[in-house]
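Student: Could you take me through one part of this model up close, the sheet, and tell me how it sits in the chain as a whole? I'd like one connected walk-through.

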Amino acid sequence: MKEIASELEQESRYGTAHVYRSTGGSVAAFLNKREISLWALTPQLLKEYEEWMRRRGLSWDTVGTYMHTLQAIYNRGVDRGVAPYIPRLFKGVFTGRASERKRALPVGQVRRLLVEKTAAKLPDDVEHARTYLELMLRFQGMPFVDLANLQKSDWKGDHLILRRQKTGHELSVAVDDRAAELLRLCA
């Protein structure tokens, strides 16, 4: 896990590297600091690890993240020939997401943020932040890093065409009249 985390950091994927290191720490705590090879993974050991995490009060999202990361490490090991291929090894454990709380703002709160003006004039930096927030929401929840890295050349007619910072995938987003007005304010 440390090796893969280091590789991820060299690729500037610091968040993913952090998840790999956290997973490694969790597995080490479960195993009382002793290391095991990928050859030692069994469905029973994985189930015990899942149950150990739940007894410690970890949420299903955290359990799923750690198990998914462990599965990704195992898959890399199989691809590199350092782990045996065991069909359906992770079948009996939770590797997904089970959000236990809503993170999205209700429509009314978003409307208040974007439409209602306060009686007092807000400082320029707060108005600027509000402009970016509105653009991120108008652009389907675009991450700030992608918005901050926009170039004028990305705006082609009534669309933005850009590459996502995190994934490198091309993204095309419609620009309505209000979004165009906000983009001009940010330029």
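Tutor: Let's start with burial: 29% of the 187 residues count as buried. Keep in mind that this is a predicted model. On the outside, the chain exposes about 12600 Å², with carbon and sulfur atoms supplying 53% of that area. The overall dimensions go along with this picture: the radius of gyration is 22 Å, while a compact globule of 187 residues would come out near 16 Å. Along the principal axes, the C-alpha atoms fill a box of roughly 60 × 35 × 25 Å. As for contacts with a separation of 6 or more, 48% are between residues 24 or more positions apart.

Now for your sheet. The chain has eight helices and three strands, and reading from the N terminus you go through seven α elements, then β-β-β, then a final α. Those three strands make an open sheet, ordered β1-β2-β3, with antiparallel pairing. At its edges sit β1 (155-156) and β3 (170-174), each pairing on one side only. Zoom in on β2, residues 159-163: five bridges join this strand to β3, and the two run antiparallel. If you want one pair to click on, take R163, whose bridge partner in β3 is E170.

Since that pair brings up charge, here's the count for the whole chain: 30 positive and 23 negative side chains. The centres of those two sets lie 5 Å apart.

Technical notes
Residues are numbered from 1 along each chain as its sequence is written. This is a predicted model: local features need pLDDT of at least 70, side-chain atom pairs count only at pLDDT 80 or more; totals for chains, interfaces and linings use all residues. Side-chain values use heavy atoms; hydrogens and water are left out. Helices (H or I, at least four residues) and strands (E, at least two) are DSSP runs, numbered from the N terminus. The radius of gyration is taken over C-alpha atoms; the globule rule is 2.2 Å times the number of residues to the power 0.38. Buried means under 20% relative accessible area, exposed over 50%, partly exposed in between (1.4 Å probe, protein chains only). Contact means heavy atoms within 4.5 Å. Accessible areas come from the Shrake-Rupley method with a 1.4 Å probe; for residues, only the protein chains shown count as cover. Lys and Arg count as positive and Asp and Glu as negative; His and the chain ends are not counted. The place of a charge is taken as NZ of Lys, CZ of Arg, CG of Asp or CD of Glu. Two strands pair if DSSP finds at least two bridges between them.
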